[in-house]
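Please look through the structure shown here, and follow its strands, helices, cysteines and pocket in the order in which the paragraphs below take them up.

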Amino acid sequence: MTSASTGTSTAEKSAQPVVSLAHARKSFGDVEVLHDISLSVVPGEVVAIIGPSGGGKSTLLRCLTLLERLDGGDLSYEDVTVARGGTYGDKSVLAAARDRFGLVFQNYNLFPHFSVLRNVMDAPVCVQGRPRAEAEAEARALLAKMGLAGSEDKVPCQLSGGQQQRASIARALALHPDIVYFDEPTSALDPELTAEVLRVIKELAAENMTLVIVTHEMGFAREVADRVVFMDGGVIVEEGPAEQVIDHPREERTRAFLAQRER
């Protein structure tokens, strides 16, 4: 598949991508919201996707995570070919692909009547079939890493928004994903809670995890991302190293968007 150009080194570019998307198209009714999108992410890379509302960012993430189906194009997770020419594999293929990624939603999507601990360990036990004791031990360790030790028996409504988002990150990590997607993870949070969540994501990036983050936090994207992808009108307008795209954009549409963000 065709890989998008990146700001990574030649050695990194030669690594097999964790995920590859080629010539992707997606429409809702008569409106095509993704136009010939090609994107790949290599192991250890942090990619930030920025752009105006309605530009196709979240739809792209939903297609990558199989919440929406492409109308055309190819999608693969390493050796798992999910879709070819918009035709998808069978249930076993989709299950194998889902095992490769974790997803953190902007509105947490925790099960409201489950404890925080059960929210984190439920999928490893019920979906992946891992031993309960093993899953529980790892869930407790992940919650401690997220600064949530002591909150295991609470239900989500007893946590702040930032704590709920950190619990949802722990839930994603519990699946041992090759790549974690974040769909505007701080959009529902106030500035103080936003800082909590961004700190956790920075720590994951420092651990060389493969991350794709749809975000409106330009400073965060500049600091954390290896590559920034600017989307508008359902196309990738510009991509490259974070400092180049954010500080010295080549395209007028990128410059206009960033100027508006600074007002």
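Which residue stands opposite Leu75 in β4? In this model, which is a predicted one, the residue opposite Leu75 of β4 is Leu21. The wider setting of that pair is the antiparallel pairing of strand β1 (residues 19-28) with β4, which extends over four bridges. Strand β4 is also joined to strand β5 (residues 80-84), again in the antiparallel sense, here by three bridges, and within β5 the bridge partner of Leu75 is Ala83. Leu75 can therefore be followed to a partner in β5, Ala83, as well as to Leu21, which stands opposite Leu75 in β4, if the cut-off of at least two bridges is taken as the test for two strands to pair. The hairpin of β4 and β5 has two residues between the strands, and in this hairpin Glu78 takes a positive phi near 50°.

How, then, is β4 placed with respect to solvent? Six of the six residues of strand β4 (residues 72-77) are buried, so the strand is largely enclosed by the rest of the structure. The burial holds for both directions in which residues point from β4: Gly72, Asp74 and Ser76 point one way, while Gly73, Leu75 and Tyr77 point the other way, and all are buried.

A further element to trace is an open sheet of six strands, ordered β7-β8-β9-β3-β10-β11, in which the pairing is mixed. Its edge strands are β7 (101-104) and β11 (235-241), each of which pairs on one side only, and from one strand to the next the twist averages 15°. Inside this order, strand β8 (residues 179-183) and strand β9 (residues 211-214) run parallel and are joined by four bridges, with Val212 in β9 as the bridge partner of Tyr181. Helix α6 (residues 161-173) lies across β7 and β8, and runs at about 170° to β7.

Helix α6 also leads to the largest pocket, since α3 (91-98), β7, α4 (116-126) and α6 each supply at least two residues of its lining. The space in this largest pocket comes to about 630 Å³. Its lining consists of 21 residues, of which Arg98, Phe101, Ala123, Val127 and Leu175 are the closest to the centre of the pocket. The largest share of the lining comes from α4, which contributes four residues.

Arg98 can serve as a reference point for Val197, a residue placed in helix α7 (residues 191-206). Val197 and Arg98 are 99 residues apart in sequence, and their C-alpha atoms are 24 Å apart in space. Val197 has a relative accessible area of 0% and is therefore buried. When residues up to four places away in sequence are not counted, Val197 touches Gly162, Gln165, Ile169, Pro185, Thr186 and Leu189.

The cysteines remain to be considered. A disulfide is a covalent bond between the sulfur atoms of two cysteines, and a search of the whole structure finds zero disulfides. Are Cys63 and Cys126 buried or exposed? Cys63 has a relative accessibility of 1% and so counts as buried, whereas Cys126, at 56% relative accessibility, counts as exposed.

Conventions:
Residues are numbered from 1 along each chain as its sequence is written. This is a predicted model: local features need pLDDT of at least 70, side-chain atom pairs count only at pLDDT 80 or more; totals for chains, interfaces and linings use all residues. Side-chain values use heavy atoms; hydrogens and water are left out. Axes are lines fitted to C-alpha atoms, for helices over the stretch in contact, and angles run from 0 to 180 degrees between N-to-C directions. Contact means heavy atoms within 4.5 Å. Buried means under 20% relative accessible area, exposed over 50%, partly exposed in between (1.4 Å probe, protein chains only). A disulfide is a pair of cysteine sulfur atoms within 2.5 Å. On a 1 Å grid over the protein atoms alone, a cavity is a set of points where a 1.4 Å probe fits but cannot get out, and a pocket is an open set with protein on both sides within 12 Å along at least five of seven lines; lining residues have an atom within 4 Å of a point. Grid points are joined across faces, edges and corners, and a volume is the space filled by probe spheres set on the points.
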